[in-house]
Amino acid sequence: MKGRVQIMFRTYINRKKAYSMTAVVMCFIITLSGMLMNSYESADAKAKVNIGKKKLNLYVGQTYKFKNKKYSWKSSRKSVVSVNKKGRIKAKKIGTAKITASLKVGKKLSKSVCNVKVGKYAGGIKLASAGTIILKTGQSSTIKANVTPDKVLYKDIVYSSDNTNVATVDKNGVVRPVSKGTTTVRMTSKAVNSKGKHVSASITVVVMDDPQNITTDIPGVKPGENIIDTTKDWILDDSFITPGTTPGQTAAPTDTPENTQEPSGPGEKPTPKPTEVPTQTPVPTPAPTTVQEYIASLKPDDNSPLVGSFVVKNTQGDNRTVYLLNKNYSGTVKLDIDGYTYSGNDSVLSLLKRLETERIKATNSAGTICVHRTPQETLWTVEFLQTGVKYYFDAKVNDTTFNSDYGLIIAVGNTINNIKISGR
């Protein structure tokens with residue numbers, strides 16, 4: 001019995017040792033497998049390439065440096081973008097290129113690509129729209145602008161309005177009026193110039209009432225009244241008669257020399273000098289004192305459409321400037337109003353006919369001058385939109401106001417230095 005127990009104990013011990021050895025071997029295999037797996041994962045991680053950017057925009061001549069130096073670098077178009085072994089790239093000319101970074105660990109090769117676009121620096125903003133936009137309530141207008149030169153790196157423009165209570169502008173350059181007034185819309189480029197500054201431009205936006213609904217309030221002129229009310233006493237303001245000097249003005253009279261005698265020599269009697277004929281003093285022609293007298297003194301010049309211009313005034317303090325035009329002048333007429341020049345193909349007669357009969361509203365191509373005479377308006381209005389200055393005038397083919405033989409343009413106020421008429 002005792003021997004049998006001993007045999008069973010030794011068997012148990014041997015089996016336990018076998019089990020322990022198996023456990024040790026299994027643990028070793030598991031540990032080795034884990035080490036091998038970690039080694040493979042580490043190698044895979046080392047082979048993964050990440051250069052941080054998938055897209056890059058550069059101006060011609062600009063450089064950029066990728067941070068990682070352990071990669072191999074290559075450019076798909078070296079003439080557009082070059083790259084050195086340290087990952088420093090340079091934009092050489094307009095175009096696109098792919099910059100590839102690669103890394104090989106063992107048999108594992110990993111790559112990363114960055115798409116590079118190269119464009120020009122901004123030079124300015126070119127406006128295809130007028131420098132001034134005129135809008136009425138309910139209208140809208142789109143600003144047409146481009147960043148120059150061609151192939152600039154960024155074509156985007158940012159729009160803003162100085163006064164959104166007058167007009168607003170959206171990201172596409174669409175301007176919408178809000179209320180009557182004037183504001184400035186500014187444009188700023190996303191691209192910069194060679195000095196790193198954004199380029200800009202601006203336009204003026206004028207929001208106005210519809211002229212069809214305007215009852216023009218003209219100082220000194222009642223609605224529907226003629227520009228010169230013949231029931232009032234209008235007199236000539238001779239301070240503003242043009243051209244030349246006031247008719248009747250003469251030169252100062254010449255002094256009459258005295259008849260003197262001088263001795264010819266010692267002991268000789270004085271020899272009388274010949275008597276000089278005194279210069280006759282001209283009798284000055286009286287200057288005209290009435291409008292009719294002034295008009296009668298004028299002489300048309302075949303080389304000029306303007307016969308004469310003058311200012312009249314009345315006791316109420318109103319002024320009118322009168323322009324008399326030669327209907328027989330064969331050339332065309334040039335009209336200058338405060339530096340704005342109209343020089344169409346009109347003769348004196350055709351211009352007067354148009355001014356007398358037309359009812360239109362027109363704005364010049366720059367959008368700075370608005371000229372209109374609507375069915376509700378008696379007179380023509382020339383309005384400088386940026387300053388708000390206005391001129392009012394009327395025109396007649398036949399002068400029924402002063403009954404002269406000339407064509408007639410009459411302006412409200414003293415415009416002798418502001419409105420000029422000449423030939424071309």
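1. Is C114 buried or exposed in this structure? C114 is buried, its relative accessible area being 0%, and C370 is likewise described as buried, with a relative accessible area of 0%. Since the model is a predicted one, these values, like those that follow, describe the model as it was computed. A search for disulfides across the whole structure returns 0 of them, so the burial of C114 and of C370 is to be read alongside the absence of any such bond.

2. On the overall make-up of the chain, the protein comprises 3 helices and 29 strands, and of its 424 residues 34% count as buried. When contacts between residues at least 6 apart in sequence are considered, 56% of them join residues that are at least 24 apart. The accessible surface of the protein chain comes to about 26,400 Å², and carbon and sulfur atoms account for 51% of that area.

3. One sheet deserves a description of its own: it is an open sheet of 4 strands, with mixed pairing, in the order β9-β16-β15-β12. The edges are taken by β9 (132–136) and β12, and because each of these has a single partner strand, one side of each is left without a neighbour in the sheet. From one strand to the next, the twist averages 25°. Strand β9 runs parallel to strand β16 (residues 198–208), and the two are joined by 5 bridges; within this pairing, L135 stands opposite V207 in β16.

4. A second set of pairings involves strand β14 (residues 174–177), which runs antiparallel to strand β10 (residues 141–142) and is joined to that strand by 2 bridges. In this pairing, S141 has V175 of β14 as its bridge partner. Strand β14 also pairs with β13, again in the antiparallel sense, over 3 bridges, and here the residue of β14 that partners T168 is R176. The hairpin formed by β13 and β14 has 4 residues between the strands, and in this hairpin G173 takes a positive phi near 85°.

5. How many salt bridges does a search of the whole structure find? The search finds 4, and one of them brings together the side chains of R186 and D162, with a distance of 2.7 Å from N to O. This pair links distant parts of the chain, for R186 lies in strand β15 (residues 181–192) whereas D162 lies in the loop between β12 (157–161) and β13 (167–169), the two residues being 24 residues apart. Both ends have some access to the surface: R186 is partly exposed at a relative accessible area of 37%, and D162 is partly exposed at 46%.

6. Another of the salt bridges joins D170 and R176, whose closest N and O atoms are 3.5 Å apart. D170 is partly exposed, with a relative accessible area of 27%, and R176 is also partly exposed, with a value of 41%. The reader may wish to place this contact beside the strand pairing described above, since R176 is the bridge partner of T168 in β14.

7. Which residues are linked in a network of salt bridges? The network consists of D346, R354 and E358, and within it the closest N and O atoms of R354 and D346 are 2.8 Å apart. The partners in that contact fall into separate accessibility classes: R354 counts as partly exposed at 29% relative accessibility, whereas D346 is buried, with a relative accessible area of 10%. The assignment follows from the cut-off, because a residue counts as buried when its relative accessible area is under 20%.

8. Finally, attention may be drawn to T415, which is placed in the loop between β28 (407–412) and β29 (419–423). Despite this loop position, T415 counts as buried, at 3% relative accessibility. When neighbours within four places in sequence are left aside, the residues in contact with T415 are T321, Y323 and Y391.

Notes:
Residues are numbered from 1 along each chain as its sequence is written. This is a predicted model: local features need pLDDT of at least 70, side-chain atom pairs count only at pLDDT 80 or more; totals for chains, interfaces and linings use all residues. Side-chain values use heavy atoms; hydrogens and water are left out. A disulfide is a pair of cysteine sulfur atoms within 2.5 Å. Buried means under 20% relative accessible area, exposed over 50%, partly exposed in between (1.4 Å probe, protein chains only). Two strands pair if DSSP finds at least two bridges between them. Contact means heavy atoms within 4.5 Å. Accessible areas come from the Shrake-Rupley method with a 1.4 Å probe; for residues, only the protein chains shown count as cover. Axes are lines fitted to C-alpha atoms, for helices over the stretch in contact, and angles run from 0 to 180 degrees between N-to-C directions.
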